[in-house]
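Dear colleague,

I am passing the structure on to you below, together with a short account of what was found in it. Please have it open beside this message as you read.

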Amino acid sequence: MAGTDAALEIICELKIDGLNISLIYEYDKDVYRYVRAVTRGNGIEGEDVTHTVRTIESVPLTLTLPKTKDAPRFLEIGGEVFMTKQALAKVNKDLPEDERFANPRNAAAGNVRQLDPNVAASRELRMFCYALDAGAADAFEIKTQQSLMEFLHEAGVPTHRGWKVVKNLKQVQTLFEKIGKEREKLAFDIDGLVLKVNDRRTQRELGSTAKAPRWARAYKFPAEEKTAVILDIVLQVGRTGAITPVAHLSPVLIAGTTVTRATLHNEEENGRLAVRLGDTVPV
């Protein structure tokens, strides 16, 4: 890239606000059979959620893929399990108020971990996939992320078809602003775009850190912000004996969570702003 955005294709995918899951398929008699699903966990070990993910209707239990010389024994397909806004409203309607889920992401995470797969099946979970392990992608001669998305789609794996390949950062910004204006119309929550270098060879050359690939970046929408009134300021004694002022706020709903308190730990900033009871503050 050498400091420019020229001659580099970028594929932009919706950043689904859900729970990252890997699907494992094993080759058996000309087909790949679903054998396991695990959460991302700490990046090395995740939770086994095979029993609940198999209840998601769109997740195929067998895959018939094109013949290839070196068919891998296992496939790992990555994606996001989520719940639609409508499904969340339906679930919360039947739950006591203190047991209701704050947002679709919490609902998806909670229901994937259900011990009873029948309960999970009734919660209408969904999944969109966007990743295939490198060994399998090489075996099927997949050269780009765009081709990978088409490969998954043609195999019957659930994908979101709203991705777009762009040529420069100006096009990225235009798409980002367009999606930002339309996001409320979507059936599910997103919190931005995921930008990926389209060419897989370039992906390999860029490599990864211990935590994330260098060839992919999340471009998130600005955090939701609302205002609240300071009702009281209480001094709180912490575990180490440190005293921190805590503002009690008029309840405000932000991203599915009701915020009623906020710490005022920066004494210098509090003094500069002259924070007082009755003030209206951004949260």
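In what follows, Ala, Val, Leu, Ile, Met, Phe, Trp, Tyr, Cys and Pro count as nonpolar, Asp, Glu, Lys and Arg as charged, and the others, Gly among them, as polar. Please also keep in mind that this is a predicted model.

With those classes in hand, the second largest cavity is simple to describe, since its lining has 9 nonpolar residues, with no polar and no charged ones. The residues in question are L63, L65, L75, I77, L132, F151, L152, A155 and V157, and the elements that give two or more residues to this lining are β5 (74-82) and α6 (145-154). The space in the second largest cavity comes to about 30 Å³.

A search of the whole structure finds 2 cavities of 30 Å³ or more, and the largest cavity has a volume of about 100 Å³. Its lining is made up of E13, L14, I16, F128, C129, Y130, M149, H160, G162 and W163, which divide into 7 nonpolar, 2 polar and 1 charged. Strands β1 (10-16) and β6 (126-132) each supply at least two residues of this lining.

Turning from the cavities to the pockets, the largest pocket holds about 1600 Å³ of space. It is lined by 47 residues, of which N20, R40, Y130, A131 and P213 are the closest to its centre. By class, the lining of the largest pocket has 18 nonpolar, 14 polar and 15 charged residues.

There is also an open sheet of 4 strands, in the order β12-β11-β10-β13 and with antiparallel pairing. Its edge strands are β12 (257-263) and β13 (280-282), each of which pairs on one side only, and the twist averages 45° from one strand to the next. Within this sheet, β11 (residues 243-254) and β12 pair in the antiparallel sense over 6 bridges, and H248 has R261 in β12 as its bridge partner.

Finally, one residue that you may wish to look at is D191, which lies in strand β8 (residues 190-197). Is D191 buried or exposed? D191 counts as buried because its relative accessibility is 18%, and buried means under 20%. Not counting residues up to four places away in sequence, D191 touches K15, D17, R183, Y219, K220 and F221.

With best wishes

Methods: Residues are numbered from 1 along each chain as its sequence is written. This is a predicted model: local features need pLDDT of at least 70, side-chain atom pairs count only at pLDDT 80 or more; totals for chains, interfaces and linings use all residues. Side-chain values use heavy atoms; hydrogens and water are left out. On a 1 Å grid over the protein atoms alone, a cavity is a set of points where a 1.4 Å probe fits but cannot get out, and a pocket is an open set with protein on both sides within 12 Å along at least five of seven lines; lining residues have an atom within 4 Å of a point. Grid points are joined across faces, edges and corners, and a volume is the space filled by probe spheres set on the points. Two strands pair if DSSP finds at least two bridges between them. Axes are lines fitted to C-alpha atoms, for helices over the stretch in contact, and angles run from 0 to 180 degrees between N-to-C directions. Buried means under 20% relative accessible area, exposed over 50%, partly exposed in between (1.4 Å probe, protein chains only). Contact means heavy atoms within 4.5 Å.
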